[in-house]
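Okay, thanks everyone for coming. I'd like to walk you through a structure that will be new to most of you, so have a look at it first and then I'll talk.

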Amino acid sequence: MFSHGSRSAVLWSLLAASFLTAGDAFAQRGRPPTGGGGGAAAGGGGGNAGAEERIEELSLAVGETKSISAKEIRNFSVADPAILDVRVSPDGSTFLVVGRKPGSTTLVLIKNDGSQVTWSINVSTRPPEIVYRELQQLLEGTTGVRVRRVGGRFFLEGGVTTDTELKRLGLIAALYPGQVENLVQVGSGSGDRRILIRVDFFFVSYDKSSSYAVGIGYPAAIGGDTAIQFTGTYDFLRNALNPAQAVIQNQPLPRLDIAANNGWAKVMKQSSIITSNGQEAVFNSGGEVNFRQFAFQATSGVQKITFGTNVTVLPRYDSTTREIEMRLIADESELTDTALAGGDLPGRNTARMEVLVHMKLGQALILAGIKSVTQTHAVTGLPLLSQIPVLGIFFGSHNNKRQEIENAMFVIPSVVETVPKSSLDLVKNALQVFDDFTGNIDDVQTFDRTPPSAKKEQ
């Protein structure tokens, strides 16, 4: 028999044991004890207010299951059970987390010592590892675009050249709604601007011309109303004839043509531009010739004829594949002799190129080239007789002209990796070269003409 005091003590012991057992059952089913997870943490760890808290991240797909260790875990709480389902293994040593629907939630684990581990869990439609692998395959060969991962989401960043490429990237992002966002733009993208790209543009042109005139040239007409012209003045007061001039035109005397001309010319231009990766650079070098335009009794304005080199380049470098995509616009023009232009104003020889190329870093590529051969032959003389082979030169003048032109444009991109000289050294070197210049331009080198990539191959 128990006394009244003993029976009261046993009853309170049974009630306390029942409460603790119910609390453990609630925790294993993922239901926090009374007062929620925060209450359990405060109640169980009230003496450890400064206990350590750790934050972890986890990404999984809908229907995917991953495990988290449950050792030394006293309680847990899920912020949104509709996104994440947490189950306890039969032996109580592992939490099995299962994604239910896309979204983000947190899982709080409270240890026996009162410390807390917070899991930030992102649930996506498809597994992030598979999405990343597929993005790499779809973007293979696309320069200037990179994939940045933030949690369980992916962002496409960079820049492309055309709207067609931008539309294609938008379609790729649409394949993974809620997981992939397209931040790519047309033009200069947000590439790694810390990388400096050097582009060397070369223009080479060769010109060879020859001509000759051999034979006897006859006038086109003999006689006529203007065969003889006389000009002069007579001073009646002085009874004297002022200087006079008599001109005989269309005279029948032939001329002898025995002249020949031969010559050649060559032009080489190099333009070097350094710009940040993904940023457009423009280089202009040349001049202009001004001519007055005349109207009736007044000057109406000035006409300009420009010449020189104009280069616009937009490079995009992929440091992973060491490949570079480059949009290049080059315009090269040179003034011609007024005699060749056939008037009193000079003409222009022009070459323009607008290309989009994909190449390896340091690779030299000929972007454009042309070879032109022009030949003319003319015979002026007596009809029929001037056409006789060999003997025809005695009855006419035979003229022959031949011109050959060949030019090419090529480009070499490089990455600037060497540390440049200090600003003071650059200024001193430029001033020293200026002072030492005595007319021999071969000794002048204001910049390093050899591309860095070409130096490595030497």
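**A short tour**

Let me begin with a single residue: Arg402 is partly exposed, because its relative accessibility comes to 30%. And before I go further, please keep in mind that this is a predicted model.

So what does Arg402 do with its side chain? It meets the side chain of Glu404 in a salt bridge, with 3.3 Å from N to O. Glu404 also counts as partly exposed, since its relative accessible area is 24%.

While we're on salt bridges, how many does the count come to? The count is 20 salt bridges. Let me pick out a couple more. One of them joins Glu325 to Arg316, where the closest N and O atoms are 3.7 Å apart. Are these two buried or exposed? Both Glu325 and Arg316 are buried.

Another one is between Arg352 and Asp331, at 3.9 Å from N to O. This pair ties together distant parts of the chain: Arg352 sits in strand β21, residues 348–360, and Asp331 sits in strand β20, residues 323–335, with their positions 21 residues apart in the numbering, that is, 21 residues apart. Arg352 is exposed, because its relative accessible area is 56%. Asp331, on the other hand, is at 26% relative accessibility, so we call it partly exposed. And the two of them have company: Arg327, Asp331, Arg352 and Glu354 are linked in a network of salt bridges.

Okay, let's go to a sheet. Here we have an open sheet of four strands, in the order β1-β7-β6-β3, and the pairing is mixed. Which strands are at the edges? Those are β1, residues 53–61, and β3, residues 73–78, and each of them pairs on one side only. On average, neighbouring strands in this sheet are turned by 20° against each other, if you ignore direction.

Let's walk across it. We start with β1, which pairs with β7, residues 116–124, in the parallel sense over nine bridges. If you want a spot to click on, Glu57 has Ser120 in β7 as its bridge partner.

Next step: β7 and β6 run antiparallel and are joined by eight bridges. Here you can look at Ile110, whose bridge partner in β7 is Gln116. β6 and β7 form a hairpin with four residues between the strands, and Gly114 in that hairpin takes a positive phi near 95°.

Last step: β6, residues 103–111, is joined to β3 by five bridges, and these two run antiparallel. In this pair, Val78 stands opposite Leu107 in β6.

Now over to the surface. There's a nonpolar patch made of Tyr212, Val214, Leu382, Leu385, Ile388, Val390, Leu391, Ile393 and Phe394, and together they have about 740 Å² of accessible area. Take Val214 as one of them: it lies in strand β12, residues 196–217. Val214 is at 32% relative accessibility, so it counts as partly exposed.

One more residue and I'm done. His398 is in strand β23, residues 396–415. Is His398 buried or exposed? It counts as buried, because its relative accessibility is 14%, and the cut-off for buried is under 20%. What does its side chain sit by? A polar atom of the His398 side chain lies 3.4 Å from the backbone oxygen of Ser386.

That's my tour, thanks for listening.

Definitions and conventions. Residues numbered from 1 in each chain as written. Predicted model: local features only at pLDDT ≥ 70, side-chain atom pairs only at ≥ 80, totals over all residues. Heavy atoms only, no water. Pairing = 2+ DSSP bridges. Axes fitted to C-alpha atoms, helices over the stretch in contact; angles between N-to-C directions. Patch = residues over 30% accessible without salt bridge, like charges linked within 9 Å, V, L, I, M, F, W, Y side chains within 5 Å. Areas by Shrake-Rupley, 256 points an atom, 1.4 Å probe, with all protein chains shown as cover. Salt bridge = Lys/Arg side-chain N within 4 Å of Asp/Glu carboxyl O. Buried < 20%, exposed > 50% of the residue type's maximum accessible area, 1.4 Å probe, protein only. Polar contact = N/O pair within 3.5 Å; in protein donor to acceptor, adjacent residues only side chain to side chain.
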